[in-house]
Every structure is written in structure tokens, then in C-alpha cells.
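Open your viewer and keep the selection box handy. We will walk from strand to strand and look at what sits at each stop.

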Amino acid sequence: QVQLVESGGGLVQAGGSLRLSCAASGSIFSFNAMSWYRQAPGKRRELVARIASGGSTNYADSVKGRFTISRDNAKNTVYLQMNSLKPEDTAGYYCNAHRDYGLGLVYDYWGQGTQVTVSS
């Protein structure tokens, strides 16, 4: 069983920056992808950024150019650097680890989340 622990959330003014961390209890290299999702009150959880085991990344259009996802396999940690934050970035941010076993069998691990609040 893999545990994911997020940290780094907080209150920041618009235009500011935060760096979120997701520390895994096991090797993140074994996962097909590591991702950050977010969920604002009354809204569906949405993908923010994803980094594959090979290093390729993809981002939600709303954060492109402002957020950067990275991974440190030696530390089993994934990061989300968030710059130029906007009030609409306010949400709970959740780390996800995705494993594809093939033949349609997949499994997702989730962290408990960390709150990001951006004031205007």
C-alpha cells in the first residue's frame, strides 16, 4: 500500500507563488504517471498537471505557463510549482499516483489533499 502525503499549501495573495510537494511512501518510478488534481467547493475534481514515468508532462489549459510539475525519483517526491496565482486557483489540491497493470486494470492512489487559497 502506497501512501501519498501532500504539503506546501496555504494562503497567498494573487500573483504570488507556492510549491506543493507530494511525498510517496514507496518508489514513484513504479507508477505510470503522477498527477496533481484540484477541487474547488461545488465543483468537480479536475486534472491540473501530470508527469509520466518517462518525464513527459501535460497541463490543464488554465495553468499552462504558470504551473510546473516535476519529480525527484530519488526522493520519491513530486512537486507542483505554482506561479502567478489567481483567486480561481483556490481549491484543495490532491496528489495522484496512477498504475496501469494492462488489460484494462488500473489503480489510483490519492493523498489527503492540501488547501490552496489565493486572495485578491
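Start by selecting strand β11, residues 114-119, and show its side chains: T114, V116 and V118 point to one face and are buried, while Q115, T117 and S119 point to the other face and are not. Buried here means under 20% relative accessible area, exposed means over 50%, and partly exposed lies in between (1.4 Å probe, protein chains only). Strands are DSSP runs of E with at least two residues, numbered from the N terminus.

A word on the ground rules: this is a predicted model, in which local features need pLDDT of at least 70 and side-chain atom pairs count only at pLDDT 80 or more, while totals for chains, interfaces and linings use all residues. Residues are numbered from 1 along each chain as its sequence is written, and side-chain values use heavy atoms, with hydrogens and water left out.

Now add the neighbours of β11. Strand β2 (residues 10-13) runs parallel to β11, joined by four bridges; click G10 and you will find its bridge partner in β11, V116. Strand β9 runs antiparallel to β11, with three bridges between them, and here G92 is partnered with Q115 of β11. Two strands count as paired if DSSP finds at least two bridges between them.

Stay with β9 and select C95 together with C22: they form a disulfide, with sulfur atoms 2.1 Å apart (the cut-off is a pair of cysteine sulfur atoms within 2.5 Å). C22 lies in strand β3 (residues 18-24) and C95 in strand β9, so the pair ties together parts that are 73 residues apart in sequence. Look along the S-S bond: its torsion is about -80°, so the disulfide is left-handed. Both cysteines, C22 and C95, are buried.

Next, select F31 and Y109. Their ring centres are 5.6 Å apart and their planes are at 80°, so the pair is edge-to-face. Rings of Phe, Tyr and Trp (its six-membered ring) pair if their centres lie within 6.5 Å; planes under 30 degrees apart count as stacked, over 60 as edge-to-face and the rest as tilted. F31 is buried at 2% relative accessible area, and Y109 also counts as buried, at 10%. Add Y107 to see the aromatic cluster that it forms with F31 and Y109.

Finish on the outside with Y101, which is in strand β9 (residues 91-102) and is partly exposed, with a relative accessible area of 47%.
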